[in-house]
Amino acid sequence: MSEEPKDSKVFLSGAGDSDSGAKDDANVESGSELVMSPAKVLRIGSMIRALLEEVKAAPLDISSRTRLAEIYDTSVAELGGVMSEDLTEELKGFAPAFRGGEVPSEAELRIAQAQLVGWLEGLFHGIQATLMAQQMDSRTQLQELRARGLPQGSSAPGNYL
């Protein structure tokens with residue numbers, strides 16, 4: 001399995017809009033709704049989902065809840081580091097850090113992790129929708145080029161360039 005290049009980026013704005021080209025250009029310039037490392041986001045999302053399943057399956061003592069809160073806070077910080085300011089602010093609104101020094105309850109951990117997993121799934125769907133919209137736009141452009149055909153040139157018999 002090959003890993004995605006570190007400099008790959010996905011722009012999420014404009015998918016499905018009729019004037020997405022103009023909006024995409026503006027978003028590229030402003031950096032809004034940009035994921036700099038989709039592979040990292042997917043890895044962190046998979047880890048958070050697995051942790052959520054573990055939290056549901058086993059009772060947690062104080063030290064395990066403390067460790068899960070640290071992992072959660074680190075995951076949110078890492079995700080914020082590979083996204084645009086817009087997405088980072090949205091993430092912080094949906095996934096606020098735990099209060100320093102206090103050990104969260106199992107219920108708080110479950111809710112926070114479920115909220116983060118839900119937000120990440122929404123982000124993944126946004127990435128998929130954007131990629132599909134870009135692919136459809138590319139197909140449409142290719143079909144338009146094919147329909148226009150090659151420009152007719154003046155060719156005399158036996159005169160090949």
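**A walk through the helices**

Read from the start of the sequence, the chain runs β-α-β-α-α-α-α. That gives 5 helices and 2 strands, where helices (H or I, at least four residues) and strands (E, at least two) are DSSP runs numbered from the N terminus. This is a predicted model, in which local features need pLDDT of at least 70 and side-chain atom pairs count only at pLDDT 80 or more, while totals for chains, interfaces and linings use all residues. Residues are numbered from 1 along each chain as its sequence is written, and side-chain values use heavy atoms, with hydrogens and water left out.

**The whole chain**

Show all 161 residues and colour by accessibility. Of these, 33% count as buried. Buried means under 20% relative accessible area, exposed means over 50%, and partly exposed lies in between (1.4 Å probe, protein chains only). Now turn to contacts, meaning heavy atoms within 4.5 Å. Among contacts between residues at least 6 apart in sequence, 78% join residues at least 24 apart.

**Stop 1: α2 against α3**

Select α2, residues 38–57. Add α3, residues 62–81. Their axes come within 10 Å and cross at roughly 160°. Axes here are lines fitted to C-alpha atoms, for helices over the stretch in contact, and angles run from 0 to 180 degrees between N-to-C directions. How are α2 and α3 oriented to each other, roughly parallel or roughly antiparallel? They are roughly antiparallel. The cut-offs are under 35 degrees for roughly parallel, over 145 for roughly antiparallel and 65 to 115 for roughly perpendicular, with the rest oblique.

The crossing of α2 and α3 is left-handed. Left-handed means that the near helix is turned anticlockwise from the far one by less than a right angle; clockwise would be right-handed. Show side chains at the interface. On α2, pick K40, V41, I44, M47, I48, L51 and V55. They meet L68, I71, S75, E78 and L79 of α3.

**Stop 2: α2 against α5**

Keep α2 and swap α3 for α5, residues 106–148. The α2 and α5 axes are 9 Å apart, at an angle of about 145°. This crossing of α2 and α5 is left-handed too. The α2 side of the contact includes V41, G45, I48, L52 and V55. Among the α5 residues that they meet are A114, L116, V117, L120 and F124.

**Stop 3: salt bridges**

How many salt bridges are there? The count comes to 5. The rule asks for a side-chain nitrogen of Lys or Arg within 4 Å of a carboxyl oxygen of Asp or Glu.

Stay on α2 and α5. Select R49 and E121, whose side chains meet in a salt bridge with an N to O distance of 1.6 Å. R49 lies in α2 and E121 in α5, so the bridge ties together parts 72 residues apart in sequence. R49 is partly exposed, at 38% relative accessible area. E121 is partly exposed as well, at 30%.

Move along α2 to K56 and E53. Their salt bridge has its closest N and O atoms 3.8 Å apart. The two residues are 3 apart in α2, about one helical turn. K56 counts as exposed at 51% relative accessibility, and E53 as partly exposed at 42%.

Go to α3 for R67 and E70. Their side chains form a salt bridge at 3.4 Å, N to O. Both residues sit in α3, 3 apart, about one turn of the helix. R67 is partly exposed at 48%, as is E70 at 41%.

**Stop 4: the aromatic pair**

The structure holds 1 aromatic pair. The rings belong to Y72 and F98, with centres 5.0 Å apart and planes at 55°, so the pair is tilted. Rings of Phe, Tyr and Trp (its six-membered ring) pair if their centres lie within 6.5 Å; planes under 30 degrees apart count as stacked, over 60 as edge-to-face and the rest as tilted.

Where do the two residues lie? Y72 is in α3, and F98 is in the loop between α4 (85–94) and α5. They are 26 residues apart, and the pair links distant parts of the chain. Both Y72 and F98 are buried.

**Stop 5: F94**

Finish at F94, in helix α4. F94 counts as partly exposed, with 41% relative accessibility. Which residues does F94 contact, leaving aside its neighbours within four places in sequence? Select Q115 and W119. Then draw a distance from F94 to G118: their C-alpha atoms are separated by 9.6 Å, with their positions 24 residues apart along the chain.
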